[in-house]
Amino acid sequence: MQGTVDGFSYGAVTPLVAYLMACLGGALGLRCTTRSLLVRHSRRPAWLALGSAAIGSGIWTMHFVAMMGFTIDEAPIHYDKPITYASLGLAIVMVGVGIFIVGYRGATGTALFTGGTITGLGVASMHYLGMAGMQFDGRFTYNTITVAVSVVIAVVAATAALWAAGQVRGFLWSVGASLVMGLAVSGMHYTGMAALTVHLHGTSDAGTGASAASALAPMLIGPLTFLLIAGIVVMFDPHMVAGRPDWTPVERKPGVPAAAVASHLGRRQPLRPARLPSRGPGHHSPRTPQNR
């Protein structure tokens, strides 16, 4: 028996809030990634880790806020907590791998392609593992082509977002990139949901189970709190908001401290004036203020 699915039980509320959550996580994560490119090498892992957790938490929160509006008319839905939280951990880890690749190798070429692919696969894996955590008297089946399209959307969106983070062009640039990223992540989610078909094992009263909102709300408290704390960190870091390095850059290569380069140049510079031109017969030194 095929179940009747409603993905918008609360109208446009859940899609809109879900989109805002994806944008928030994306904005915080991209700013942290950008910040990692503007600090000394020893402090880079902390910013990359914070960015990974922000993006992973943002897309996970987006997914389950959207799922608050998902109902099956003929059956109540429950959520397996270990699998649900495992999907959050998977998102953070896989997004983190992609971000660390770009953070240390740069947002170009093979590093960007590899990092974007891993990050996008992390987004898609989080979605489908989260769906596997749903429990009801039936099973899901998916249209393979539509699933493949959703994965491609996730990979392209992640690659574009990481490329934007590597440009280091200021706060407004990252806001624009996060809006695009939120749209792409939301598009991936609803594309994946469009691939879904529900098959019920029997008939049951949907009213006997708790609503999706009441089941999911307690699980969302932790990630939402983390996003709030990450937002405070961003707001109170002026270099983060302005996109400026906390050292004077002397090379385009990110993460090279100016002091180290200056001291390196300072050690080599005295060797140059040590050699004076030899004065042979007929040689006349240029008349300068120093030799007058």
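The expected span of a helix is 1.5 Å times one less than its number of residues. In this predicted model, the rule can be applied to helix α3, which covers residues 81–105. Its 25 residues should span 36 Å at 1.5 Å a residue. The C-alpha atoms at the two ends are 36 Å apart, so the expected and computed spans agree.

Both ends of α3 show local detail. At the N-terminal end, D80 acts as the cap. A side-chain oxygen of D80 lies 3.0 Å from the backbone nitrogen of I83. Just after the helix comes G106, with a positive phi of about 100°.

Several residues along α3 are buried. They include T84, S87, L88 and A91. V95, G96, G98 and I99 are buried as well. V102 and G103 also belong to this buried set.

F100 and Y104 lie in the same helix, α3. They are four residues apart, or about one turn of the helix. Partly exposed residues fall between 20% and 50% relative accessible area. F100 has a relative accessible area of 29%, so it is partly exposed. Y104 is at 33% relative accessibility and therefore also counts as partly exposed.

Aromatic contacts were then examined. A pair of aromatic rings is described by the distance of the centres and the angle of the planes. The model holds eight aromatic pairs. One of them joins F100 and Y104, and this pair is stacked. Its ring centres are 6.2 Å apart, with 20° between the planes. Elsewhere, W60, F64, Y79 and Y85 form one aromatic cluster.

Helix α7 spans residues 212–235. G222 is found in this helix. With a relative accessibility of 45%, G222 does not pass the 50% cut-off for exposed residues and so counts as partly exposed. G222 and S57 are 165 residues apart along the chain. Their C-alpha atoms are nevertheless separated by 9.3 Å.

F236 lies in the loop between α7 and α8, the latter covering residues 238–242. Exposed residues have over 50% relative accessible area. F236 reaches 68% relative accessibility, so it counts as exposed. F236 is also part of a nonpolar patch on the surface. The other members of the patch are L228, I232 and M235. Together, the four residues have about 500 Å² of accessible area.

Definitions and conventions. Residues numbered from 1 in each chain as written. Predicted model: local features only at pLDDT ≥ 70, side-chain atom pairs only at ≥ 80, totals over all residues. Heavy atoms only, no water. Buried < 20%, exposed > 50% of the residue type's maximum accessible area, 1.4 Å probe, protein only. Polar contact = N/O pair within 3.5 Å; in protein donor to acceptor, adjacent residues only side chain to side chain. Patch = residues over 30% accessible without salt bridge, like charges linked within 9 Å, V, L, I, M, F, W, Y side chains within 5 Å. Areas by Shrake-Rupley, 256 points an atom, 1.4 Å probe, with all protein chains shown as cover. Salt bridge = Lys/Arg side-chain N within 4 Å of Asp/Glu carboxyl O. Phe/Tyr/Trp six-rings, centres within 6.5 Å; stacked < 30°, edge-to-face > 60°.
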